[in-house]
Structure formats: structure tokens, C-alpha cells
Amino acid sequence: MAASTTGEHQNSDEYSVGICAKDSSGPYDVQMRRRLTHVAQENQIPYKVDTYPFYGSDGSAFLRAGGCVRVGLIGPGLDASHGYERTHRSSLEATVQLALEYVLQADT
């Protein structure tokens with residue numbers, strides 16, 4: 001999980017879970033993103049799909065190092081990063097709910 005920073009030209013907000021489609025290293029696994037989006041929709045979890053062109057995650061680093069797994073990235077939307085960070089409780093709840101529902105539905 002990572003924070004979904006809001007800002008100019010960003011789709012994220014501090015009230016929903018952010019689902020990252022792409023970061024500075026390139027796109028994340030499209031099947032994983034679609035599955036996360038589907039789980040959010042079917043469980044009425046507020047979400048935003050976004051790209052983060054100036055951000056890189058541990059998942060991206062793992063793939064660059066030769067890892068061979070599907071990588072997806074979700075996190076609470078927040079107003080700032082690496083300092084005074086502001087979010088809303090609903091964003092944290094949506095992030096936890098999406099992670100939980102994804103794990104519970106992993107066998108389906």
C-alpha cells in the first residue's frame with residue numbers, strides 16, 4: 001500500500017482509496033488493476049484510479065530487480081506526502097475494505 005497524493009492533474013482525493021494504474025516506472029499489471037476496480041465497484045467502495053508519474057513503489061523496484069509477480073498498488077488518498085499528511089477517515093476505511101475484500105475474494 002502507498003498513499004495516493006492529490007494534486008493538480010491527479011484524479012485522487014482524500015475521501016476514497018486510490019488504485020494506481022501507472023507510476024514513474026510504467027504501468028502496473030492491468031489484470032490486477034481491473035480486479036481491484038471490480039472488487040471496489042461490487043462492494044460499493046469509493047475509489048479513484050490514478051497515475052503517479054513522479055512516484056515509484058516497492059513493487060516497481062521489485063519488478064526492476066527481476067521479480068516475476070503481478071503488482072498492484074492501492075492506498076488512502078491524502079493531501080500531502082513526506083511531511084504533514086492530511087486525509088479523511090473514509091479514505092482509510094475504503095483502503096482497508098478494498099484490501100480485505102480483495103483477499104477474501106482471491107479464490108473466486
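The expected span of a helix is 1.5 Å times one less than its number of residues. Keep that rule at hand for the views of helices below, all taken from a predicted model.

**View 1. The whole protein, as a starting point.** Welcome to a protein with 3 helices and 5 strands. Followed from the N terminus, its elements come in the order β-β-β-α-β-α-β-α. Of the 108 residues, 36% are buried. The protein exposes about 6700 Å², and carbon and sulfur atoms supply 53% of that area. Among contacts between residues at least 6 apart in sequence, 77% join residues at least 24 apart.

**View 2. Helix H1 from end to end.** How does the span of H1 fit the rule given at the top? H1 has 13 residues and should therefore span 18 Å, and its end C-alpha atoms are indeed 18 Å apart. At the N-terminal end, Asp-29 acts as a cap for H1, with a side-chain oxygen 3.1 Å from the backbone nitrogen of Gln-31. After H1 comes Gln-44, which has its own view further on.

**View 3. The buried side of H1.** Look here for Met-32, Leu-36, Thr-37, Val-39 and Ala-40, the buried residues of H1. They sit on the same side of H1, because they cover an arc of only 160° around the axis. A general point helps in reading this view: an α-helix has 3.6 residues a turn, so residues three or four places apart point the same way. The partners that these buried residues of H1 pack against are E2, strand E4 (47–52), strand E5 (73–78) and H3.

**View 4. Leu-36 and its neighbours.** Is Leu-36, a residue of helix H1, buried or exposed? Its relative accessibility is 6%, so Leu-36 counts as buried, the cut-off being under 20%. Leaving aside residues up to four places away in sequence, Leu-36 touches Ile-19, Ile-74, Leu-98 and Tyr-102. Glu-101 is 65 residues from Leu-36 in sequence, yet their C-alpha atoms are 9.3 Å apart in space.

**View 5. Two nonpolar cores.** The largest nonpolar core has 10 residues, among them Val-17, Ile-19, Leu-36, Ile-45, Ile-74 and Leu-98. Strand E2 (17–23), helix H1 (30–42) and helix H3 (89–104) are the elements that give two or more residues to this core. H1 gives the most, with 4 residues. A second, separate core has 5 residues, including Cys-20, Tyr-28, Tyr-52 and Val-71. Met-32, a member of the largest core, touches Val-71 as well as Arg-70, Gly-72 and Tyr-102, not counting residues up to four places away in sequence.

**View 6. Helix H3 and its two sides.** H3 has 16 residues and reaches 22 Å from its first C-alpha to its last, close to the 22 Å expected. Its buried residues are Ser-91, Ala-94, Thr-95, Leu-98 and Glu-101. Those residues line one face of the helix, because they fall within an arc of 140° when H3 is seen down its axis. They pack against E2, H1 and E5. On the other side of H3, Arg-89, Val-96, Val-103 and Leu-104 are exposed.

**View 7. Gln-44 in the loop.** Gln-44 lies in the loop between H1 and E4. Its phi is positive, near 50°, in a residue other than glycine. For context, most residues other than glycine have a negative phi. With a relative accessible area of 74%, Gln-44 is exposed.

Note on methods
Residues numbered from 1 in each chain as written. Predicted model: local features only at pLDDT ≥ 70, side-chain atom pairs only at ≥ 80, totals over all residues. Heavy atoms only, no water. Core = buried A, V, L, I, M, F, W, Y, C linked by side-chain atoms within 4.5 Å. Buried < 20%, exposed > 50% of the residue type's maximum accessible area, 1.4 Å probe, protein only. Contact = heavy atoms within 4.5 Å. Areas by Shrake-Rupley, 256 points an atom, 1.4 Å probe, with all protein chains shown as cover. Arc of directions from axis to C-beta. Polar contact = N/O pair within 3.5 Å; in protein donor to acceptor, adjacent residues only side chain to side chain.
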